[in-house]
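Thank you all for making time this morning. I would like to walk through one protein chain with you, going from a single side chain to the overall fold and then to the charged pairs.

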Amino acid sequence: MKYLKTSFNKMEPYFSKNIDEGIILNANESPFNPPIEVINSFKESLEQFAFNRYPDMQCEMLCEAIAKHFNVLKEQVTCGVGSDELLEVTFRAALEVNDKVLSFSPSFSMYRVFADLALAKFIEVKFNDDLTFCCDNMLKAIKKENPKLIMICSPNNPTGAFLSEQDIIKIVECSNALVLLDLAYIDFADEDYTYLATQYDNLIVYRTFSKALALPSIRVGYAISKKTNIDMINAVKAPYSVTGLSLILATKAIENYNLYENNINIIKNERDKLYTILKEGGFLVYPSKANFLYLKLNDQIYNDLVENKIYIRKFKNDFYRITIGSVIENIELLKVVMKYAKK
Ligand code: PMP
């Protein structure tokens with residue numbers, strides 16, 4: 001990367017191999033397509049779609065549907081090209097050079113990239129040894145480092161750990177730092193604290209259509225917060241970034257959220273079933289409130305899975321993340337992994 005500026009020397013491109021054959025359990029996608037009613041309603045609206053016009057820059061229709069769903073005002077919502085875009089824009093909008101960003105680690109790898117792009121300092125806060133959240137570690141780090149921004153992902157990618165509402169409130173209330181709460185996987189948890197988004201001056205919640213709503217293909221995410229924070233994001237965001245077709249499909253999806261509930265429950269049940277089987281098989285696997293499990297395996301098991309065209313995500317030090325697939329996909333996965341069970 002000859003032209004990369006020197007401060008980015010350690011940066012590695014985010015790379016995920018595109019796989020279109022086999023059992024794909026490496027990107028936390030849903031094994032289900034969106035409900036047929038959502039797709040049909042999208043198709044119907046295409047008849048009158050003005051392909052010759054730029055999309056609505058303010059994403060009004062979608063913001064309104066999201067606002068209705070969460071019982072907030074539409075001025076308290078903004079949409080972007082995945083939550084990725086909104087997170088990156090917020091980092092760029094809020095951070096000055098050398099400002100400090102605190103984030104639990106391991107977490108979503110792009111947070112560090114966004115901090116680097118904003119020329120900020122990224123500081124990692126440790127989880128407990130069992131990879132549960134340690135709120136005290138965060139509170140201590142806030143006191144010591146006086147960060148400008150705090151990044152929290154719950155349920156956390158890649159570990160699946162869930163931070164209690166009480167602890168989130170403690171973190172938000174203990175400083176003036178801007179807290180970004182990434183709830184990409186919250187639909188798979190038992191509680192949802194999106195409502196906190198409009199209660200505090202220093203909190204922004206990020207959610208996405210890419211996971212439980214099964215629409216990663218259209219790249220839409222959204223943020224909810226007090227109007228002043230939403231205005232900040234909108235001031236920096238590129239105009240017309242979200243496509244018109246994506247706006248329509250996402251609107252249909254959120255308006256029909258109840259049609260997704262059955263599939264979300266299947267995924268949650270499968271996750272809990274898989275967790276129990278793997279744990280009983282002697283694997284070190286962590287409790288998860290997301291649509292994936294984080295566990296220790298080894299190269300031999302990983303390679304065996306690849307030979308069987310089953311793809312999971314590999315991390316450092318023999319840690320792996322398995323996205324929960326369909327019932328049949330999970331059976332196929334277990335057929336391979338359980339050959340290596342210790343019990
Ligand atoms: N946050 C987390 C924790 C994620 O895992 C992801 C996707 N892997 C994103 C944000 C980005 O999601 P999207 O841009 O598709 O909305």
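Is Lys143 buried or exposed? Lys143 is exposed, because its relative accessible area is 74%, and I should say at once that what you see is a predicted model. Lys143 sits in helix α5, which covers residues 135-145, and if you look from there to Asn40, you cross 52 Å from C-alpha to C-alpha, although the two are 103 residues apart in sequence.

Let me now step back to the whole chain. The protein chain holds 11 helices and 11 strands, and its C-alpha atoms fill a box of roughly 55 × 55 × 45 Å along the principal axes. The radius of gyration is 20 Å, which agrees with the value near 20 Å that a compact globule of 343 residues would have. Buried residues make up 52% of those 343 residues, and of the contacts with a separation of 6 or more, 71% are between residues 24 or more positions apart. The accessible surface comes to about 17100 Å², and carbon and sulfur atoms account for 49% of that surface.

For an example of a covered helix, please turn to α2, residues 60-70, where the buried residues are Leu62, Cys63, Ala65, Ile66, Ala67 and Phe70. Their cover includes the strands β2 (77-80), β7 (203-208) and β8 (221-224), together with helix α8 (244-255). After α2 comes Asn71, which has a positive phi, near 60°.

Next, the charged side chains. Side chains of opposite charge can pair when their charged atoms come close, and a search of the whole structure finds 21 salt bridges. One of them joins Glu21 to Lys309, with the closest N and O atoms 3.9 Å apart. This pair links distant parts of the chain, since Glu21 belongs to the segment before β1 (23-25), whereas Lys309 is in the loop between α10 (299-307) and β10 (310-314), 288 residues away. Lys309 counts as partly exposed, at 38% relative accessibility.

Another salt bridge is formed by Asp299 and Lys314, at 2.9 Å from N to O. Here, too, distant parts of the chain are linked, with Asp299 in helix α10 and Lys314 in strand β10, 15 residues apart. Asp299 is partly exposed, with a relative accessible area of 38%, and Lys314 is also partly exposed, at 40%.

A salt bridge within one helix is that of Arg92 with Glu88, whose closest N and O atoms are 3.2 Å apart. Because Arg92 and Glu88 are 4 residues apart in helix α3, residues 82-94, about one helical turn separates them. An α-helix has 3.6 residues a turn, so residues three or four places apart point the same way. Beyond such pairs, Glu60, Lys74 and Glu75 are linked in a network of salt bridges.

I would like to finish with Arg321, in strand β11, residues 319-323. How far away is the nearest side chain of opposite charge? That side chain is Glu29, at 9.0 Å, and Arg321 is buried yet has no salt bridge. What Arg321 does have is a polar contact of 3.2 Å between its side chain and that of Asn28. Leaving aside residues up to four places away in sequence, Arg321 touches a set of residues that includes Leu25, Asn157, Pro158, Phe292, Tyr294 and Phe315.

Conventions: Residues are numbered from 1 along each chain as its sequence is written. This is a predicted model: local features need pLDDT of at least 70, side-chain atom pairs count only at pLDDT 80 or more; totals for chains, interfaces and linings use all residues. Side-chain values use heavy atoms; hydrogens and water are left out. Helices (H or I, at least four residues) and strands (E, at least two) are DSSP runs, numbered from the N terminus. Buried means under 20% relative accessible area, exposed over 50%, partly exposed in between (1.4 Å probe, protein chains only). Lys and Arg count as positive and Asp and Glu as negative; His and the chain ends are not counted. A salt bridge is a side-chain nitrogen of Lys or Arg within 4 Å of a carboxyl oxygen of Asp or Glu. A polar contact is a pair of N or O atoms within 3.5 Å; within protein, one must be able to donate a hydrogen and the other to accept it, and residues adjacent in sequence count only if both atoms are side-chain atoms. Contact means heavy atoms within 4.5 Å. The radius of gyration is taken over C-alpha atoms; the globule rule is 2.2 Å times the number of residues to the power 0.38. Accessible areas come from the Shrake-Rupley method with a 1.4 Å probe; for residues, only the protein chains shown count as cover.
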